[in-house]
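Good morning. Please have the sequence and the model open while I talk.

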Amino acid sequence: MIREFLAEGGASLVVIAPHPDDESLATGGLVQAALASGARVTVVMLTDGDNNPWPQRAAERRIWIGAGDRERWGVQRRQEARAALSILGVPDASIRCLGFPDLGLTELVSADADAAIAGVCEIFRDTNPTVVAVPSLSDRHPDHSAAHVMCCLALAKCDLRPRLLSYMVHGAASALDREFELGANACEQKMRAVAAHRTQLMLSRTRIMAYAERPECFAIDFGAAAGMKLPANARLPWRISRLSASLASLILVTNDRAWRIAIQADDAAARNEESPRCVRDADGWLWLRIPEHISATSPAFAKLAGRIASPWIYDRWGWTRLGA
Ligand SMILES: [Zn+2]
């Protein structure tokens, strides 16, 4: 089915990659197939992957990594992505780098979603995609799941309804995933493209190559950009302890607005009915209560996140799409 999408007249594939290397790991075969079918291909690199201190420390034999060092590392990773994409057949002119903060996409989309999606919207308007490949909302890396949110909000803003192909890099494949089969030649080219990300292989060759060797799988979503009526009272997919509730907050994002909401005990009096509330019931389930005057024309997403900074970058709870 995915090959049929790519072979349609006027097919335009946009790949959203949070970091340099995601494009090769997750869509190296898809990109080759799209080009072979005559589709236009655009690859959007959201960050330069510059917040990557351990490989940089190892490569440059230094402990302290300053802002200038990070910038230099980002330039190097961009160059590696260009080399990788050239192996896959994508010219420089089809690569768009947005330079967003590496490990900062959740913050970006939850501070001001409209500003965060402006650059992606511009690319969508230029390329008029019929197929968009984007990280899965369930990916445990926060930049990946936030990239999914940004992409859906941007599509809604541009009023575009391409087929959305979600891919997983950090986490287990879902039951909805379809394998995109690659021939031997495409596999070989993909492995060469992954190997072009030399900085990423230095410390993590085994892990990166294991990602690359997995079959390419995508979940197809036809309604990802559709707007919805926000639920007045929705149970969220999280059941947490009182202690966890005291250490977490809920992020709610639409393309109009974003909120960061403290979690209240179920019997807490509504302090402000103007704003959405998140309450934990006696059994530990979280509920989102949204006042009637708040509506959204875009999809809406909520993320449960710890409030205390942690060295562990992967999400414990992650995002859910409201009404899904
Ligand atoms: Zn990534």
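I will go through aromatic pairs, charges over rings, salt bridges and one surface patch. Keep in mind that this is a predicted model.

Let me start with the aromatic rings. How many aromatic pairs does a search of the whole structure find? The search finds three, and I will describe two of them.

One of the pairs is F180 with F218, with ring centres 6.3 Å apart and planes at 75° to each other. That arrangement is edge-to-face. F180 belongs to strand β6, residues 178-180, while F218 belongs to strand β7, residues 216-221. In sequence the two are 38 residues apart, so the pair links distant parts of the chain. Are these two rings buried or exposed? F180 has a relative accessible area of 4%, and F218 has 0%. Buried means under 20%, so F180 counts as buried, and F218 counts as buried too.

Another edge-to-face pair is F301 with W319. Here the distance is 6.5 Å centre to centre, and the angle between the planes is 85°. F301 sits in strand β13, residues 301-306, and W319 in strand β14, residues 318-321, so this pair ties together parts that are 18 residues apart in sequence. Both F301 and W319 are buried.

Next, charges over rings. The charged end of R140 is placed over the ring of Y314, at 5.1 Å from the ring centre. R235 lies over the face of W285, and there the distance to the ring centre is 3.8 Å.

Now the salt bridges. The count comes to 10, and I will take three examples.

The pair to look up now is R163 and E8, whose closest N and O atoms are 3.0 Å apart. R163 is in strand β5, residues 163-167, and E8 is in the loop between α1 and β1, so the bridge ties together parts that are 155 residues apart in sequence. The relative accessibility of E8 is 34%, which counts as partly exposed.

Another salt bridge joins R260 and E107, with 3.5 Å between the closest N and O atoms. R260 is in strand β10, residues 258-265, and E107 is in helix α5, residues 105-111. They are 153 residues apart, and the pair links distant parts of the chain. R260 is partly exposed, at 49% relative accessibility. E107 is also partly exposed, at 49%.

My last example is K303 with D315, where the closest N and O atoms are 3.0 Å apart. K303 is in strand β13, the strand that also holds F301. D315 is in the loop between β13 and β14, 12 residues away from K303. Are these two charged residues buried or exposed? K303 has 3% relative accessibility and counts as buried. D315 has 17%, and it counts as buried as well, because the cut-off is under 20%.

Finally, the surface. Which residues make the nonpolar patch of about 360 Å²? They are W54, M202 and L203. W54 is located in helix α3, residues 53-60. Why does W54 count as exposed? Its relative accessible area is 58%, and exposed means over 50%, so W54 meets the cut-off.

To recap, F180 and F218 are a buried pair of rings, K303 and D315 are a buried salt bridge, and W54 is exposed in a nonpolar patch. That is my part; thank you.

How values were computed:
Residues are numbered from 1 along each chain as its sequence is written. This is a predicted model: local features need pLDDT of at least 70, side-chain atom pairs count only at pLDDT 80 or more; totals for chains, interfaces and linings use all residues. Side-chain values use heavy atoms; hydrogens and water are left out. Patches are made of residues with over 30% relative accessible area and no salt bridge: like charges are joined within 9 Å, nonpolar side chains (Val, Leu, Ile, Met, Phe, Trp, Tyr) within 5 Å. Accessible areas come from the Shrake-Rupley method with a 1.4 Å probe; for residues, only the protein chains shown count as cover. A salt bridge is a side-chain nitrogen of Lys or Arg within 4 Å of a carboxyl oxygen of Asp or Glu. Helices (H or I, at least four residues) and strands (E, at least two) are DSSP runs, numbered from the N terminus. Buried means under 20% relative accessible area, exposed over 50%, partly exposed in between (1.4 Å probe, protein chains only). Rings of Phe, Tyr and Trp (its six-membered ring) pair if their centres lie within 6.5 Å; planes under 30 degrees apart count as stacked, over 60 as edge-to-face and the rest as tilted. A charge sits over a ring if NZ of Lys or CZ of Arg is within 6 Å of the ring centre and within 35 degrees of the ring normal.
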